[in-house]
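Here's a quick tour of this structure for anyone who likes to look at packing and metal sites. Have the model open and follow along.

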Amino acid sequence: MNEKLLSFILLCTFFLFSCEDKKPIPKPNPKHPTSGVVITFDDKSVDEWYDVDIILKHYSWKATFCVSKINTLTHSEIIQLQKLQKEGHEIAGHGYHHFKATEYVAENGIDNYINKEINPMLDLMNFYSLKVISFAYPYGFRNPKIDSALLKKFKIIRGTTYAALDPAFQYCYFEKNRLVLGIGIDTDYPNFSIPYLIKLLEFAKRKHKILILYGHKPVEKITAKYQTDIATLIFICNYVHQHKMAFYRLSDLDKLN
Ligand SMILES: [Zn+2]
């Protein structure tokens, strides 16, 4: 009797485990990457970036901080950038002088632009162990000639796009191109509103797309231009979590190309 019982238990165990083995394992499908957002910040509000990360790390968010004028940062700001990078955020380039690329190149040529604006930035950021893979254009000023010169230096370059267009006609989604355009989330931007942001996020979710966003200085209370409301950032992080979307950094897009 006991032997029969034991055989029965063994048989059940066998079926249990063989069923377990046959469970389909979800595989990532590179043709349809998980929908998500790239949150980028421009300029050099390093203290504020570091502070907002303390709030948003609870959402396991990942951001890309595009730094300009690296030579003007304090020692403690450099340490903060290194800590952000260590946590998995990306530190990207935004120009050594924050030149308007198109104007500068028209007056001085592309070689001078690379030698004055790009190379010293890369050298100093590299010296600080900041791994710069991506670049965001100051003011979004760009043209195809500068794009092709910068794509020899960076894996991904980011410009800007404007106007609260229907998401289907907006350019702020990753389209398997190394040049991407972000849409602003600073409160003073004419295109910015929470209802429009929801439209953009909904479209990303529905169409399996990656939405590219950019802001500047995260603050609790808006007092000037180029400020991103921390409440907006919390809203985005909540949306990403609730809709099982993903956070991407600019450099992650290169792997999806
Ligand atoms: Zn800028």
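## Helix H4 and its surroundings

The buried residues of H4 pack against H5 and helix H6 (144-150). They are Ala-101, Tyr-104 and Val-105, where buried means under 20% relative accessible area, exposed over 50% and partly exposed in between (1.4 Å probe, protein chains only). Looking down the axis of H4, you'll find these buried residues within an arc of 95 degrees, so they line one face of the helix; the arc is taken over the directions from the helix axis to the C-beta atoms. Ala-106 and Glu-107, on the other side of H4, are exposed. Right after H4 comes Gly-109, with a positive phi near 90 degrees.

A word on the ground rules: this is a predicted model, so local features need pLDDT of at least 70 and side-chain atom pairs count only at pLDDT 80 or more, while totals for chains, interfaces and linings use all residues. Residues are numbered from 1 along each chain as its sequence is written, and side-chain values use heavy atoms, with hydrogens and water left out. Helices (H or I, at least four residues) and strands (E, at least two) are DSSP runs, numbered from the N terminus.

Now for the metal. Asp-43 (OD), His-94 (NE2) and His-98 (NE2) coordinate the zinc ion at 2.0 to 2.1 Å, and these donors follow the spacing D-x50-H-x3-H along the chain. Donors here are N, O and S atoms within 2.8 Å of the metal (3.2 Å for Na, K and Ca); water is not among the atoms, so sites may look incomplete. Asp-43 in strand S1 and His-94 in the loop between strand S3 (90-93) and helix H4 (101-108) are 51 residues apart, so the pair links distant parts of the chain. Two residues in this region have these relative accessible areas:

| Residue | Relative accessible area | Status |
|---|---|---|
| Asp-42 | 3% | buried |
| His-94 | 1% | buried |

Asp-42 lies in strand S1 (residues 36-43). Its side chain makes a polar contact of 2.8 Å with that of Arg-158; such a contact is a pair of N or O atoms within 3.5 Å, and within protein one must be able to donate a hydrogen and the other to accept it, with residues adjacent in sequence counting only if both atoms are side-chain atoms. Setting aside neighbours within four places in sequence, Asp-42 is in contact (heavy atoms within 4.5 Å) with residues including Trp-49, His-94 and Tyr-214.

Finally, the core. The largest nonpolar core has 63 residues, and Trp-61, Ile-70, Leu-81, Tyr-113, Leu-150 and Leu-211 have the most contacts inside it. Such a core is a set of buried Ala, Val, Leu, Ile, Met, Phe, Trp, Tyr and Cys residues joined through side-chain atoms within 4.5 Å. Helix H5 (residues 110-127) gives the most to this core, with eight residues.
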